[in-house]
Amino acid sequence: MINAFCSISSSSPKFLNAMINDHVRNGRLIDARKLFDENPHGRNVTSWNSMLNGYIKNDQIRLACQLFDEMPERDVVSWNTLLAGFRRIGDSEQVVRRFVQMERIGVIPTEVTFTTVISAISNIGFEALVQQLHARVILLAFSSNVFVATALIGGYANLGDSIDLRIVFDEISVKNVTSWNALISGYMKLGCMDEARLAFETMPGRNIVSWTSLVHGYVCNKMPDEARCCFDKMPERNVFSWTVMISGYEKNGKFVEALELFLSMRESGVCPNQSTFSSALSACAGCSSLFIGKQVHVGILKSGLPLDVVLLSSLVDMYAKCGHVNAAIRAFEAMPEKNLVSWNSTICGFARHGFGVKALEQFERMKKHGIRPDYITFVSLLSACGHGGFLEEGERYFSSMERDFGIKPRIEHYACMVDLYGRAGQIDKAEKLIREMPFEPDVVVLGALLAACGVHSDLEHGLVAAELMYKLERDHPAIYSLLSKIYGDRGGWNEVIELRKVMKEMGAKKQKGSSWIQPSFCVS
DNA sequence: CTAGGGTTAG
């Protein structure tokens, strides 16, 4: 009896494959491989495919590639599986490359192939391929396939094409909740609020993802109150829904609301994950709440979640922004692997708390570690130079960013430079920079110039700056407070009185400085 | 045996 069983298991590919799949489903990769190796004669393409899938589902893409190369024969499923593997790790380039390769050697793609490729390129970079793949989908009569069409909805959403988005959706012969959800997300991404709402209301059945997509859509369209209203109506919430709403408040600058909601989540019994904690830390960073930030930190440690790079960088950033620069550095040093973001956070932390020299030193360390700076690094560096009064260093960094690092200065960088020149009293240089920069000056740039004119009581340039600012934002308080300061300095009291009157009429008020009051609740 | 929708630091 036992012998009979053994002979079936080793000679029947069907049975062998079922066993391999069972192992893979339960994460027993080693057992699957052992079974696979022990039955060299009972294997067919499907066994190889199952093994390939096993590596991919267990995030062993390298081993998967190795196995793929060893395969004696490959069918379209082998290719589809490999493509899915690259998509899984977000390697769109490999997906496209392998897809082209497979076509070249004459493997006929299936609906699965298109679903995988289209959804992989929807992320970024190959958007132009969406229409071309769509054309092939039409020719092969795959348009009505719900999987293919759902992937195409995402593709057209990325292209900003709400018309084709709808056409693709209408082509689906049997729509399901996933395709409706893709439609909602797509419309929301393009800012088509009414269409998204209508789709949500008319769809036959909603699930938790539909609700979460709607909430997320409101968040992305800067409507946090609408989002909350929808969030409150949800029949059930999971960690995704909570995280979307918490990070939504955070992204819209409603930091206290974000933290209050984080507290409610803890009371609800739903466990936060790395994203949730990360968003909570950002909210603490946003409102400089060191008190809550520390408690969130403890919560992370107590949760036992793996500390990934994203989470640890949020932690560094929180401490840096809350002014606890030492803790930021300690958290940074404790990171097993550091990335650009965590380096940036430390440089930014030094810069904004007046440790200009340390910010520059940290930048040098970062370069020694072989990390390439990005535009954010330079914003921090230039602002460090501004706060420290390092005019020459600032000029040097500014000119090196494009020359040595290929980073085109953005308007933020020009604003830093205007600030730098302005503080040094070189208002003409600041003005020249503004005239020559390839952007229209914005409120930040003009604000820096106005501030400089105020500090140095430069009436002539101050008036010009104020006039420009007036065109952008006629009731910007900086205009009036700074002009009145300049006139006041020079004893032009009639002008000051006149200005005060105008300010009163417009309701402009001098911006008040205030300290951050810690919200008086606790997060355990 | 292979496929689609919702979160993530500066």
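Helix H8 (111-121), helix H10 (146-159), helix H12 (177-189), helix H14 (208-220) and helix H16 (239-251) each contribute at least two residues to the lining of the largest pocket in this structure, which is a predicted model. Among the contributors, H10 gives the most, with nine residues. The pocket that these helices help to line has a volume of about 830 Å³. Its lining is made up of 35 residues, and those closest to the centre of the pocket are Asn181, Ala182, Ser185, Val209 and Ser213. Sorted by class, the lining of this largest pocket holds twelve nonpolar, 20 polar and three charged residues.

The second largest pocket can be read in the same way, beginning with its space, which comes to about 460 Å³. Of the 25 residues that line the second largest pocket, Cys348, Arg352, Ile376, Val379 and Ser380 are the closest to its centre. Two or more residues of this lining come from each of helix H20 (309-321), H22, helix H24 (375-388) and helix H26 (411-423), and the largest share, eight residues, is supplied by H24. By class, the lining of the second largest pocket divides into ten nonpolar, eight polar and seven charged residues.

One residue of H22 deserves a closer look. Asn344 lies in helix H22, which covers residues 340-352, and because its relative accessibility is 7%, Asn344 counts as buried, the cut-off for that word being under 20%. When residues up to four places away in sequence are not counted, Asn344 touches Met366, Asp374, Ile376, Thr377 and Ser380. Two of these partners, Ile376 and Ser380, are also named among the residues closest to the centre of the second largest pocket.

Another of the residues that Asn344 touches, Asp374, leads on to the DNA. There are 51 residues around DNA strand B, and the ones that come nearest to the strand are Asn80, Asn181, His216, Lys251 and Asp374. Asn181 has appeared before, as one of the residues closest to the centre of the largest pocket. The surface near DNA strand B, taken by class, has 13 nonpolar, 31 polar and seven charged residues.

Which parts of DNA strand B do the atoms within 4 Å of the protein belong to? Of those atoms, 42% belong to sugar or phosphate, and the rest belong to bases. Some individual approaches to the bases can be followed in the model. A polar side-chain atom of Asn49 lies 2.6 Å from a base oxygen of DNA strand B, and a polar side-chain atom of Asn176 lies 2.8 Å from a base nitrogen of that strand. For Ser275, a polar side-chain atom lies 3.3 Å from a base oxygen of DNA strand B.

Turning from the DNA to the inside of the protein, consider two buried residues and what surrounds them. Leu67 is found in helix H5, and with a relative accessible area of 1%, Leu67 is therefore buried. Leaving aside neighbours within four places in sequence, Leu67 is in contact with Arg33, Phe36, Trp48, Met51, Leu52 and Tyr55. Measuring along the chain and through space gives another view of this residue, since Leu67 and Glu440 are 373 residues apart in sequence and 55 Å apart in space, C-alpha to C-alpha.Ile118 has its place in helix H8, one of the helices that help to line the largest pocket. Is Ile118 buried or exposed? With a relative accessible area of 0%, Ile118 is buried. Its contacts, again leaving aside neighbours within four places in sequence, are with Leu133, Val137, Val148, Ala151 and Leu152. From C-alpha to C-alpha, Ile118 and Ala334 are 40 Å apart in space, while 216 residues separate them in sequence.

The last stop is the backbone in two loops. Most residues other than glycine have a negative phi. Asp59 has a phi near 55°, a positive value in a residue other than glycine, and the place of Asp59 is in the loop between helix H4 (45-57) and helix H5 (61-70). With a relative accessible area of 52%, Asp59 is exposed. Ser288 likewise has a positive phi, near 50°, and is a residue other than glycine. Ser288 lies in the loop between helix H18 (274-286) and helix H19 (290-303), and with a relative accessible area of 21% Ser288 is partly exposed.

Terms used. Residues are numbered from 1 along each chain as its sequence is written. Chains are lettered from A and ligands numbered from 1 in the order in which they are written. This is a predicted model: local features need pLDDT of at least 70, side-chain atom pairs count only at pLDDT 80 or more; totals for chains, interfaces and linings use all residues. Side-chain values use heavy atoms; hydrogens and water are left out. Helices (H or I, at least four residues) and strands (E, at least two) are DSSP runs, numbered from the N terminus. Buried means under 20% relative accessible area, exposed over 50%, partly exposed in between (1.4 Å probe, protein chains only). Contact means heavy atoms within 4.5 Å. A residue is near a molecule or strand if one of its heavy atoms lies within 4 Å of it. A polar contact is a pair of N or O atoms within 3.5 Å; within protein, one must be able to donate a hydrogen and the other to accept it, and residues adjacent in sequence count only if both atoms are side-chain atoms. Ala, Val, Leu, Ile, Met, Phe, Trp, Tyr, Cys and Pro count as nonpolar, Asp, Glu, Lys and Arg as charged, and the others, Gly among them, as polar. On a 1 Å grid over the protein atoms alone, a cavity is a set of points where a 1.4 Å probe fits but cannot get out, and a pocket is an open set with protein on both sides within 12 Å along at least five of seven lines; lining residues have an atom within 4 Å of a point. Grid points are joined across faces, edges and corners, and a volume is the space filled by probe spheres set on the points.
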